[in-house]
Amino acid sequence: MVHLRPSLFTLPRVSIAIGCLVLFCSDSAFAQRPTGGGRGGQPSFSPSTVSLAVNVRNASGVPMDGATLVTLVASVGSYNQTVTTRDASTATFDGLSPGDYDVEATYPGYQNAAEHITVNALGSTMQVYLYMIPESAKNSPGPSAKGIVVSPKLQAEIDKGLEAMRKRKFEVAHTHFSKGLLLAPGNPDLSYLVGAAELGLNHIELARQNFEHALTLDPTHERSLLALGELQLRNGETAAAVATLEKAFLKNGAGWRTHLLLATAYAKAGRLPDAETHARRAAELGREKGAGARLLLGEIQRAEGKLREAKLTWQEIVTKFPGDPSAAEAKKRIASLSAPQTVVSVSSEAAALANLPVPTTPAIELLPANERPWAPPDIDSREYPLAKDTSCSSDEILPQAENRMRAQLKNFEKFTATEHIEHQEIDRLGRPGPVKSRDFSYIVFVNRFADDSFFLDEDRQSTGGGSSFPTSLATTGLNNLGVSILQPVVRGEFSYQCEGLASIRGKATWQIRFQESKNSTTAVREWQREGKIYPIAIKGRIWLSSASFDVLRIETDLLEPVQILGLTRDHLVVDYGLVNFSASNATLWLRWDDEMHMDLGGHRYRHRHYLTD
């Protein structure tokens, strides 16, 4: 039996069962030290006043170009002030009493941005950030929040098409994907696949039309954005490629391939510092695939006049990737640096980058079967865009989040909801099997512990009778995760680093990376098999609202594979939001949706929970 269960003063565990092997997160008591500052709550504050700075930015984290009106209204009392932003698009409110406030920013051509905030006396000044979203994005189409259903017939057409793509039978692949598109005309993946087949047939314009159509269905569709950006690069449309690839980065973050394409686009546009930054990240994130990115990095460095750095970069290719075709090219470039030559200006070198060939980046469907993605990438293989010139400290942010959490929980005894759970097994080609699901009546009891701590105990009852999960794989205790990562009792077992100001669901959020000690005594996650418990060290990121300090998202991965269990992946993403409880006319910040991808003993699983009310 393999299971994961939370225990007192620990974070939730996950366990899996296959036959006699059981994986679950236990519903046993979980103690957590919460912290204060929530809607409606009035924690005890010192009587000092606070100066509040509201920084207004666009969706990329850049200060707004013009003056923005910012209104601040107290939840209790008569305070109601409107201030116009000044330097760096900041509105300042001085002499505020601690308490709850609502802040709203307005700017022509943008949707109003509003947040509920708690001003506290943890310091004499407080900084919050608001992100403005263009009006044009208000009704942007996109896929359903719960995904797109793939019928067995549609899956069969996709599988046949992918198999034909692997054999480079692009006409056959096009036929199957086109049949699939007739079955699901609103599925952006199908439009992308038809475009990929057209690309294989060298029908460039038709491929482009399909990628663009996929983006009308889902403007954030990552593969279509990258494919379109690559076609624009190949066609010499540098400015358009930069815009497309920047959108891909902004909406989806970036792995090595996105960084490589962005580096090429910036190099062709003459934006050499930006090109160098992304080429370096492509090389680092690409790991064993990083030779091509290093070759490009050296070219950019040479164009910047950094000849010594360029030589070192190319020497690294020869040393680390001796069997890669890029190694031979690197040797030629090193030799060219040593050969007598006429002086060439940096500007001439930079102009030559405009003629760089677009890096070879094979489409996902043409990769070997064992390289096809079946789960999100590891947290250290993908980066997210961060606002420039915005510093942060986890030592300052984490107490604010802890304070917010204490107030969220202190007035609750229990809360109920309907929980929907889905389970799928995924085959070696990344194809998901049938979904097995079940609904539960879900109750979480909030219990006080000591003076300022709580533990959460959960219970669920299947609405269809019986109490089992859809399969022998069960996951419990996930409501504890956000509290556990933040509570002081386990904070000493983690290292935290605030990476910067990011954007989650259009909200300005502090992005904090955390990593658990390998020898942690208060493991956040555990697996249990045959009565023996195995602590599982994790790493991850947590995103906290820069205004309210609520948790918006947590993403975790294994710190390292657990060989004794055969556990090589355990990827978890949990999204949080405000849940209204109509029966009690109360609200609480809870997990909305969580999704796990696990590779256990060579078997791959996807497990999803979400609350429906």
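## Close-up views of a predicted model

**View 1. Strand β6 (residues 50–58) runs parallel to β12, and the two pair over 8 bridges.** Welcome to this predicted model; a sheet is a good place to begin. For one pair to look for, find Val-54, whose bridge partner in β12 is Val-128. Both strands belong to an open sheet of 3 strands, with the order β9-β6-β12 and mixed pairing. At the edges of this sheet are β9 (90–96) and β12 (125–132), each of which pairs on one side only. On average, and ignoring direction, neighbouring strands here are turned by 20 degrees against each other. As you follow a strand, keep in mind that side chains in a regular strand alternate between the two faces of the sheet.

**View 2. β17 and β18 form a hairpin, with 2 residues between the strands.** In the turn you will meet Arg-505, which has a positive phi of about 50 degrees. The two strands pair in the antiparallel sense over 10 bridges. To see one of these pairings, look for Gln-497 and its bridge partner in β18, Arg-513.

**View 3. Strand β18 (residues 507–516) is mostly covered, with 8 of its 10 residues buried.** Besides β17, which it pairs with in the antiparallel sense, β18 has another antiparallel partner: strand β21 (residues 538–545), joined to it over 7 bridges. Here Gln-515 is the residue to find, standing opposite Lys-539 in β21.

**View 4. Helix α11 (residues 325–338) has a buried face and exposed residues on its other side.** The buried residues of this helix are Ser-326, Ala-327, Ala-330, Arg-333 and Ile-334. Why do they line one face of the helix? Looking down the axis of α11, you would find these buried residues within an arc of 120 degrees, so they line one face. Pro-325, Lys-331 and Lys-332, on the other side of α11, are exposed.

**View 5. The second largest pocket holds about 870 Å³ of space.** Its lining is made up of 32 residues, and those nearest the centre of the pocket are Phe-249, His-278, Pro-385, Leu-386 and Lys-388. Which elements give two or more residues to this lining? They are α6 (238–252), α7 (256–268), α8 (272–286) and β17 (494–504). You may recognise β17 from the hairpin it forms with β18. Sorted by class, the lining of this pocket has 12 nonpolar, 7 polar and 13 charged residues.

Definitions and conventions
Residues are numbered from 1 along each chain as its sequence is written. This is a predicted model: local features need pLDDT of at least 70, side-chain atom pairs count only at pLDDT 80 or more; totals for chains, interfaces and linings use all residues. Side-chain values use heavy atoms; hydrogens and water are left out. On a 1 Å grid over the protein atoms alone, a cavity is a set of points where a 1.4 Å probe fits but cannot get out, and a pocket is an open set with protein on both sides within 12 Å along at least five of seven lines; lining residues have an atom within 4 Å of a point. Grid points are joined across faces, edges and corners, and a volume is the space filled by probe spheres set on the points. Helices (H or I, at least four residues) and strands (E, at least two) are DSSP runs, numbered from the N terminus. Ala, Val, Leu, Ile, Met, Phe, Trp, Tyr, Cys and Pro count as nonpolar, Asp, Glu, Lys and Arg as charged, and the others, Gly among them, as polar. Two strands pair if DSSP finds at least two bridges between them. Axes are lines fitted to C-alpha atoms, for helices over the stretch in contact, and angles run from 0 to 180 degrees between N-to-C directions. Buried means under 20% relative accessible area, exposed over 50%, partly exposed in between (1.4 Å probe, protein chains only). The arc is that of the directions from the helix axis to the C-beta atoms.
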